[in-house]
Amino acid sequence: MHIFVSGAGPVGMSAAIALAVRGYEVTVADRESGITEEARAVGVNRNSLSLLSHCGATAGILARAEVVRSARIVAGEDTIARIKVPGQDRRWPTLVALPQSETERVLHEVVARNGVTILWRHETTAIAQSPDGVEVEITQRETGETRTIRADYAFGADGSHSAVRRLLNIDFPGRTLPGTWSVADAHCEFPWPDQACAVLSDVGEIGVIVTIGEGRHRLIANHPDVLEMTRRLMPVHRVLREGTFHVDLRVAEVMGRGRVCLGGDAAHVHSPVGGRGMNLGIADAFAFAQAVEDRDLAPYRAERLAQAQRTVRLTDRAYRALASTGRPAILARNTALRAVGAVSRLRR
Ligand SMILES: Cc1cc2nc3c(=O)[nH]c(=O)nc-3n(C[C@H](O)[C@H](O)[C@H](O)COP(=O)(O)OP(=O)(O)OC[C@H]3O[C@@H](n4cnc5c(N)ncnc54)[C@H](O)[C@@H]3O)c2cc1C
C-alpha cells in the first residue's frame, strides 16, 4: 500500500512516521525547502509524547525540551496564583516546552530513519480519485515540472491554507479574531522558579512567557507588542526573532472525501491558548494511520471532526475567560485562578 502525504509540517511528518512504522510505502511532498524556522508551537503534551514514543521520536524531544513544572499567573503587577502542572514525574510528562522547529527536526530525523523521502519544493496541485485509488499531481516550484503520484490513500496536512482542502472543495467556516497577536524569542531575566508565566490585564490583554532553554524564552501575546509587555516585568537582553500573526477559529466542514483525509491545521485552527493545535494534529496523524490499517476512514472523519469542534469550543471559552474585561468578570476570573493556585499548593 502506498500513501501520499501533502505537507511536511509536524502533522505530515507524524503521519509519515506512523504509516512507515506500519510498513506502508509513503511519499511526502512539501512546497517549502525545509522544516520551519518560524516561532510557532512550543508545548508538546503527554498524548503526543506517548504516540511518538512508539516510533522513537519522544526520546529526542525529551532530550531537548524543558519540563513545565509550574506556571505563574500575574494580573497587573501581582502574582495571583502559582499552579503546579500535575503528572510531570510520570513516564511521559504532562507538558514539555520545545520550539516547533526543534520538534520538527526530531521528527525529520525519524522520518529519514524510516526510509521516507520528503519531496521538498513540490506542491500539491491536483487530486483525482477513483474507487480504488488516488492520483495526486505535484508540481516542482522552480521548474513547473509536474508528476503524478498514484496512491491508495492520501492525507492533507498542508496547513491552514491547505491545497488538499481546496481541491476537495471542502469549506473552512469560522471567523478571524479581531486584533494582531505577537510572538518573539528572547533572552530574558525570568525572575521566578517557574517555567511559564501568564500575564493578564484589565483590558483583555494576555501574554504568555515560556522557558525554552537556558535563559531563552518564547513570548506570545494577543496584542502587537509582546516585548514591551515583557520588559515591564523583567529585563530582556537579546531578541532572537519576533513577528505578528492573526488567529482564526475554523473547522473544516468534513475531514475529507473518498480516499483522502485532512489533518492538523488543514482541518482545524484556533487560538494558541491551551497549546493544542500541533498536539491535536499529531493525534489526527496517528488516528489516520490506524484508519488506513483498518481500511475504513469513516470513524477517523467522525471522531476527529468531533474532537476538533470540541477543542475549538474549549480553547475559545478559555481564551474569552482569560481575556475578561469589566470588573465583575475580572473578579470572577481572578478568584477562579486563585482557587486553582490554592489547590495546587505551591507557595508564591
Ligand atoms: C504563535 C503560535 C504558537 C503556537 N503554540 C502552539 C502550542 O504551544 N502547542 C500547539 O500544539 N500548537 C501551537 N500552535 C499551532 C501550531 O503551530 C500548528 O497547529 C501546527 O504548526 C500545525 O501543524 P501542521 O503540520 O498541521 O501545519 P503546518 O505546520 O502549517 O505545516 C503545513 C506544511 O504544509 C506545507 N504546504 C502548504 N501548502 C502545500 C501544498 N500545496 N503542497 C505541499 N505542501 C504544502 C507547508 O510548507 C508546511 O510545511 C501555535 C501556533 C502559533 C502561530
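**Pocket, sheets and one long-range pair**

So, let me start with α6, which gives the second largest pocket more of its lining than any other element, namely 3 residues. A quick caution: this is a predicted model, with local features needing pLDDT of at least 70 and side-chain atom pairs counting only at pLDDT 80 or more, while totals for chains, interfaces and linings use all residues. Numbering runs from 1 along each chain as its sequence is written, and side-chain values use heavy atoms, with hydrogens and water left out.

By pocket I mean an open set of points on a 1 Å grid over the protein atoms alone, where a 1.4 Å probe fits, with protein on both sides within 12 Å along at least five of seven lines; lining residues have an atom within 4 Å of a point. Helices (H or I, at least four residues) and strands (E, at least two) are DSSP runs, numbered from the N terminus.

Back to that second largest pocket. How many residues line the second largest pocket? There are 13, and V199, L200, S201, M229 and R232 are the ones nearest its centre. At least two lining residues come from each of β15 (196–200), β16 (206–213) and α6 (226–233).

Now, β15 and β16 also turn up in an open sheet of 7 strands, with mixed pairing and the order β6-β5-β15-β16-β17-β14-β18. Strands pair here if DSSP finds at least two bridges between them. The edges are β6 (78–84) and β18 (236–245), each of which pairs on one side only. Look at the β6 end: strand β5 (residues 70–75) runs antiparallel to β6, and 6 bridges join the two. If you want a register mark, S70 has K84 in β6 as its bridge partner.

Helix α9 (residues 327–343) lies across β5, β6 and β15, and runs at about 45° to β6. Contact there means heavy atoms within 4.5 Å. Axes are lines fitted to C-alpha atoms, for helices over the stretch in contact, and angles run from 0 to 180 degrees between N-to-C directions.

There's another open sheet, of 3 strands, ordered β13-β19-β22 with antiparallel pairing. Its edge strands are β13 (174–176) and β22 (268–269), each pairing on one side only. Antiparallel to β13 runs β19 (residues 248–251), joined to β13 by 3 bridges, and here T176 stands opposite D248. Helix α8 (residues 298–322) lies across β13, β19 and β22, at about 160° to β19.

Then there's a hairpin: β10 (residues 133–140) and β11 (residues 146–151) pair antiparallel over 6 bridges. I138 is matched with R147 in β11. Between β10 and β11 come 5 residues, and in that turn G144 has a positive phi of about 75°.

Last topic, charges. The structure holds 20 salt bridges (a side-chain nitrogen of Lys or Arg within 4 Å of a carboxyl oxygen of Asp or Glu). One of them pairs E293 with R22, with 2.7 Å between the closest N and O atoms. Where do E293 and R22 sit? E293 is in helix α7 (residues 277–293) and R22 is in the loop between α1 (10–20) and β2 (25–30), so this pair links distant parts of the chain, 271 residues apart.
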